[in-house]
Amino acid sequence: MEGNGIEHRTVRANGINIHLAEKGEGPIILFLHGFPEFWYSWRHQLHAFASLGYRAVAPDLRGYGDSDAPADVNSYTYFHVVGDLIGVLDAIGADKVFVVGHDWGALMAWYLSLFRPDRVKALVNLSVAFPPRDAMNKPVDTFRAFYGDEYYICRFQEPRAIEAEFAEIGIDKVLKYTFTSVPAAPFYLPKGKALREQIDIPITLPSWLSEDELKCYVTQYEKTGFTGGLNYYRNFDLNWELTAPWAGSKVEVPAKFIVGDLDLTYNTPGFKENINFDVMKQHVPLLVDVVVMKGVGHFVQEEKADEINQLIHDFFRKF
């Protein structure tokens, strides 16, 4: 899968095996993927940044790809994953690195930077902004109050339920829809009817995703299933409880934030106000820029790889 000089190995980190894809020599950039992805979503960045004189490293996060997937649903908190990442940095001999995150990888990058700013030179996050902790309301209760029980995050809460529905639909169809057709709006998965109407509509792949590239995702998820990635969503409330000591804390690393205006996150009520530069800078005081890319959806690092690479490089070259 995707050769061209990309090397693969497994390291022991935080008591589990973590698979790494890496390329190049030089200052290290750690690329953190989201859902439903794995290291492969950074293939364009691995090649580009290796050619620019960096060592580009993309792990499969726990529960994904060829990394271990602990059976306990509660083993997917911010603390577990940040612990894995510190273990990875130690295993590859990296003291301080550049970090790029997307989706859940962005959340993990925010918390890596919050918990261990001594290990992060600078940060670029895509799609998911830093979420200040609401001291009064648990996240899943808030999602239900705003969007109802059929909101996708609420549907993901019950172990094995959405997995069974996805299995009936077919992994290939679920992934094809997710990568191409998720609306730029709050996303709903009605119980027993999730994606049933949409999957019968023919989907033409966009120019940024070939049939062979989609097949790489399908092949991987046919091996692993979706449970590992879904378990991250099932820890929203546990994360909320465990991060109480960090209420009001700020992310004290140089940071840049990028999102597409067709991303479902960008079109979530309240999101645009929260990524206002002055508002976001209250929580990320070393924030230097917020970039909203026009006509771009959720999988921004694949949809506009060249532009994203340039935005990342322009920022990191300052350090």
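Student: Which residues of helix H4 (residues 139-147) are buried?

Tutor: Pro139, Val140, Phe143 and Tyr147. Each is called buried because its relative accessible area falls under 20% (over 50% would be exposed, in between partly exposed; 1.4 Å probe, protein chains only). Helices are DSSP runs of H or I with at least four residues, strands are E runs of at least two, and both are numbered from the N terminus. Keep in mind that this is a predicted model, where local features need pLDDT of at least 70 and side-chain atom pairs 80 or more, while totals for chains, interfaces and linings use all residues. Residues count from 1 along each chain as its sequence is written, and side-chain values use heavy atoms, without hydrogens or water.

Student: What puts those four on the same side of H4?

Tutor: They cover an arc of only 95° around the axis, going by the directions from the helix axis to the C-beta atoms.

Student: And what covers them?

Tutor: The cover includes helix H5 (152-155) and helix H10 (236-242), judged by contact, meaning heavy atoms within 4.5 Å. Just past the end of H4, look at Gly148: its phi is positive, about 90°.

Student: On to the rings. How many aromatic pairs does the structure hold?

Tutor: There are 47. Rings of Phe, Tyr and Trp (its six-membered ring) pair if their centres lie within 6.5 Å; planes under 30 degrees apart are stacked, over 60 edge-to-face, and the rest tilted.

Student: Why is the pair of Tyr40 and Tyr217 called edge-to-face?

Tutor: Their centres are 5.4 Å apart, inside the limit for a pair, and their planes stand at 75°, past the edge-to-face cut-off. Tyr40 sits in the loop between strand S3 (28-32) and helix H1 (43-51), Tyr217 in helix H8 (residues 211-224), so the pair ties together parts 177 residues apart in sequence. Both Tyr40 and Tyr217 are buried.

Student: Why does the pair of Phe143 and Tyr151 get the label tilted?

Tutor: With centres 5.9 Å apart, the two rings pair, and planes at 40° fall between the stacked and edge-to-face cut-offs, so tilted it is. Both Phe143 and Tyr151 are buried.

Student: What makes you say that the charged end of Arg133 sits over the ring of Trp240?

Tutor: That charged end is 4.4 Å from the ring centre. The rule wants NZ of Lys or CZ of Arg within 6 Å of the centre and within 35 degrees of the ring normal.

Student: What makes Arg55 and Glu22 a salt bridge?

Tutor: The N to O distance is 3.1 Å, and the rule asks for a side-chain nitrogen of Lys or Arg within 4 Å of a carboxyl oxygen of Asp or Glu, so the pair qualifies. Arg55 belongs to strand S4 (residues 55-59) and Glu22 to strand S2 (residues 16-23), 33 residues apart. By this rule there are 13 salt bridges.

Student: Why are Arg55 and Glu22 called buried?

Tutor: Arg55 has a relative accessible area of 17% and Glu22 has 8%, so both pass the buried cut-off.

Student: Arg119 forms a salt bridge with Asp90. Why is Asp90 called partly exposed?

Tutor: Its relative accessible area is 49%, so Asp90 lands between the buried and exposed cut-offs. Arg119, at 8%, is buried. The closest N and O atoms of this bridge are 2.9 Å apart.
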